[in-house]
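Work through the following exercises with the model open. Each task is followed by a solution in steps.

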Amino acid sequence: MLPTKENKTEIESINAVAAKQSPRMPLSFAGLIELCLLAALCTAWPILGYAQSNLAILSLDELLEEEVVSASKISGKAINTPAAIHIISQEDIRRSGVNSVPDALRAVPGVHVYQIDANKWAISSRGFASRFANKMLVMIDGRTVYSPLFSGVYWDAQDIRLEDVERIEVIRGPGGALWGANAVNGVINILTKDAADTQGPSASVELDNRDTAILSAGYGGWLSGRTAYRVYGKFTDRAGLPAVFADGSFDEAHQTRIGFRTDSTIHAHDKLTFQGEFYDGKSGQSVEYLAPDSAVSHIESRDAPVSGGNLLARWTRILSSESEMSLQVYLDQTEREELLINDKLKTADIDFQYGFTTDYGLNILWGAGYRYTRDETVARETLPDVFSYNFYPRIREDDLYSGFVQGRMPFAEGRGELTIGTKVEHNDVTHFEWQPSLRAIWHFNDAHSVWAAISRSVRSPSRIELDANLNLGLIRLPPQLLGLRTFVRFSPGESLESEVERSYELGYRVRPTDAFYFDAAAFYNYYDDLINGIPDGDVFLEETGDSRFLVLPITAGNGMNGETYGLELSANWSVKEWWRLTGGFSWLEYNALDMGASREARQGFSEGQNARHLFSLVSFMDLPNDFELNASVYYADSLPELGAGNDVGVGSKVRFDFSLQYHPGNNWILAIGGRNVFRSDVREFKDTMDGIRASEVQEMFYSKLSYRF
Amino acid sequence: MQSAFFNRAFILFLAGCVLSLASAACFAQVDEDRVRAIQSAFLLQFSNYVTWPEASFSDEDAALVIGILGRDPFGSVLDNTARTFTSSKRRLEIRRYKNLDDLGQVHILFVSPFLEFDKKALAAAVGASPVLLVGNAPGFLESGSVNFILRDKKVRFDINRSKYQRAGLRVSAKLLSVANRVVE
């Protein structure tokens, strides 16, 4: 069934190296398509639907009563989901004038977005924010972009074409029961438009006063009467930002991206989607470290090559209004040559889902999946030995098997709904993982509802915790002892377990009028077995040539427990037909119980840094004569001070963005706007513990011209 | 200072916006996506209220074809609604035609409002063949049988009886009774 012979397709050649080194590389793209088609031919699928369009089930008379005025910008999904969900629409993205996914996420209540430098961000919700925020799962069209190397997301590599995004769904809190390990504190689901909705030519140019240039172009059409396609390209050149502790900047980044998507409707009930994307670029970065032979710290900067590509196929079939199935396969490759390490990751994933509703209204959704990852690292040899990143084994291959089942049972004539489900996964390191959740929602009436949830989620250990041997000569470390410098020697943990979160959530939503919507969520999370660095024996003296220094040995272990709790409020108010306001406030507390590591090591490696309070207010205004004015203000509390080395802390900050847009006719949009206006030189985040340096976020003024047929 | 200049310009600009707001009229908030979604559902519903001659289907199992002529205003919403539209007697198929030359076997043909077509050419291409011509443009009833309009924030349609009769179609009394206007 599974092909072993070499095919000549492009993807095959990408994977050829992997296939040679690993007899376990079992799936090729062509093979998967074959598998998928074969399954389609051989199997008579039963039926069930959970994503149906409600207009299809209306009668002619009901259809006549449907109004074309949108009463509320709040989708039914946001109201009926028993989880803290927020949906960013394409209109929100366009009107707010953001030019990156991280900036779009700033408007989501309870989501912490900190820009580290021009191409790096720390994004998380409910705690643990760092460049490698390891408890947040991010997916683009069903493809996970979470890196198993550091358990984080390389946001610079996700420079997608925002015009083609349909919506971004953000769920704060655990999503492990459906999405599996690592969806501990939140899930960000980015969905792009159906190719049928991007017909004709489109293009945009954005320029700002700091020499950022973003160009994009796309074209969509019909290949046949049933298959829509689009092809697109995007070029981004992000200007560098000034470094915090030095002159000049190091973080300019550029990236070229091309992609396609086709959507076919076959025999009315089958839908087939193919999509792919390839990108190549460079992301500037800088690292600062101590060397034993020098009194001053060293700084090395580099434009790190970043490239990758992915191909995805998805087949969904609806056989009745009661049942639906989908089969999805994808291949993904990313490659980065960073200052500290080169990393090459290949992923092959296959996922099946099937849902149906019984006569009693019970909806069952189940699925099964398999993911293969192959991660290869190469240490940079230019760095001195005392400052090195080595992963042993250099190549790690993992198989992840997963299955889930979820039942949704309405009761009290649909006023309440109970959702119970679990995901079961098997990975090569911690073996079986269970992630059950129990959720309930109760609608008091059309206006008020309350929901509650209890969940268990896990984060499986990442490669840096399993395989990394690090020598860190960092300036952010504790004071020198006996006049000697201290270096950290980090070694991987043995028999590491997954981090476990138990989460308790309570939510309340009210919509007293069509024009006003208020959403509140409170949570308490308890974490067991958080992975941290545990001192492994005493500090000892080491000599290399003429230099002597102290070494602090640290091993990764499940040495930490912790709790977080907080509150997230958001409101959406249509003040007038031409004016809409959305606002958010969140409060977060964190307590850790650590078995030894210092507070600074904790915050650097396992705890992240989080503002206690966030506040946001976004205004969307329609003006006469085809103008729109959109403005947003964001506030974040100061980040905790580490009090070590020359750490200066990060103060509280206010950020103000605006965008004025003019729409002459249906096809053109001219936008001018500013980001972070009124303030400049704002540090949003600190240097990370591995020495990657932060920059200061500047004010920016931009203009953008876009065309859509 | 560059930023000071920008700040001042920005404040002026904000003030201008507030002034213009004071004179702002109310904006009609028709949700175009919603209009397209409802029109899609109507197109599918028409298949249940119109009778085509048997000869227009090659056999019992042949699909009823809904075609879009010209630039498709519906996008994925028509296909997605059709996928879950289970009340139709026949299998439904959706096809797109760039221009009149591409036209094939079709039962309901939606003529895109974006298409600048020659009325005579359309009449010649469709002729007296059993096709329900649906449009969404002022004056469309001169060429076709059904024309969508907006009335009281709802999607309605006018019907031209002589057009569908010439095409050899029968339209149920139910559909005629809910039409906004029936012309001869």
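**Exercise 1: an edge of the sheet**

Task: find which residue of E3(B) is the bridge partner of Leu64(B), then trace how the chain gets from E2(B) to E3(B).

Solution. The model is predicted.
Step 1. Leu64(B) has Leu92(B) as its bridge partner in E3(B).
Step 2. Between E2(B) and E3(B) the chain passes through helix H3 of chain B, residues 76-84, in a right-handed β-α-β crossover.
Step 3. Strand E2 of chain B covers residues 64-69, and six bridges connect this strand in parallel to E3(B).
Step 4. Strand E3 of chain B spans residues 92-97; five of its six residues are buried, so the strand is mostly covered, where buried means under 20% relative accessible area.

**Exercise 2: the whole sheet**

Task: give the strand order of the open sheet in chain B and state which strands lie at its edges.

Solution.
Step 1. The order is E3-E2-E4-E5-E6-E7-E9 in chain B, seven strands with mixed pairing.
Step 2. E3 and strand E9 (181-183) of chain B are the edge strands, each pairing on one side only.
Step 3. From one strand to the next, the twist averages 25°.
Step 4. Within the sheet, strand E4 (residues 108-111) and strand E5 (residues 132-135) of chain B run parallel and are joined by four bridges.
Step 5. One bridge pair places Phe110(B) opposite Val134(B) in E5(B).
Step 6. H3(B) packs on the sheet and touches E2 and E3 of chain B; the direction of H3(B) makes about 165° with that of E3(B).

**Exercise 3: nonpolar cores**

Task: state how many residues the largest nonpolar core has, and which helix gives the largest share.

Solution.
Step 1. The largest nonpolar core has 45 residues. Phe42(B), Phe46(B), Leu132(B) and Phe157(B) have the most contacts inside this core.
Step 2. Helix H2 of chain B (residues 32-49) supplies eight residues, the largest share.
Step 3. Leaving out residues up to four places away in sequence, Phe42(B) touches Leu60(A), Leu63(A) and Leu64(A), along with Phe148(B), Val155(B) and Phe157(B).
Step 4. Another core, of 25 residues, lies apart from the largest one; among its members are Ile341(A), Ile464(A), Leu472(A) and Ile531(A).

**Exercise 4: a loop residue**

Task: decide whether Leu340(A) counts as buried or exposed.

Solution.
Step 1. Leu340(A) sits in the loop between strands E14 (323-337) and E15 (341-357) of chain A.
Step 2. Its relative accessibility is 5%. The cut-off for buried is under 20%, so Leu340(A) counts as buried.
Step 3. Ser286(A) is 54 residues from Leu340(A) in sequence, yet their C-alpha atoms are 9.9 Å apart.

Conventions
Residues numbered from 1 in each chain as written. Chains lettered and ligands numbered in written order. Predicted model: local features only at pLDDT ≥ 70, side-chain atom pairs only at ≥ 80, totals over all residues. Heavy atoms only, no water. Buried < 20%, exposed > 50% of the residue type's maximum accessible area, 1.4 Å probe, protein only. Helix = DSSP H or I, 4+ residues; strand = E, 2+ residues; numbered from the N terminus. Pairing = 2+ DSSP bridges. Right-handed = clockwise from strand over helix to strand, strands pointing away. Core = buried A, V, L, I, M, F, W, Y, C linked by side-chain atoms within 4.5 Å. Contact = heavy atoms within 4.5 Å. Axes fitted to C-alpha atoms, helices over the stretch in contact; angles between N-to-C directions.
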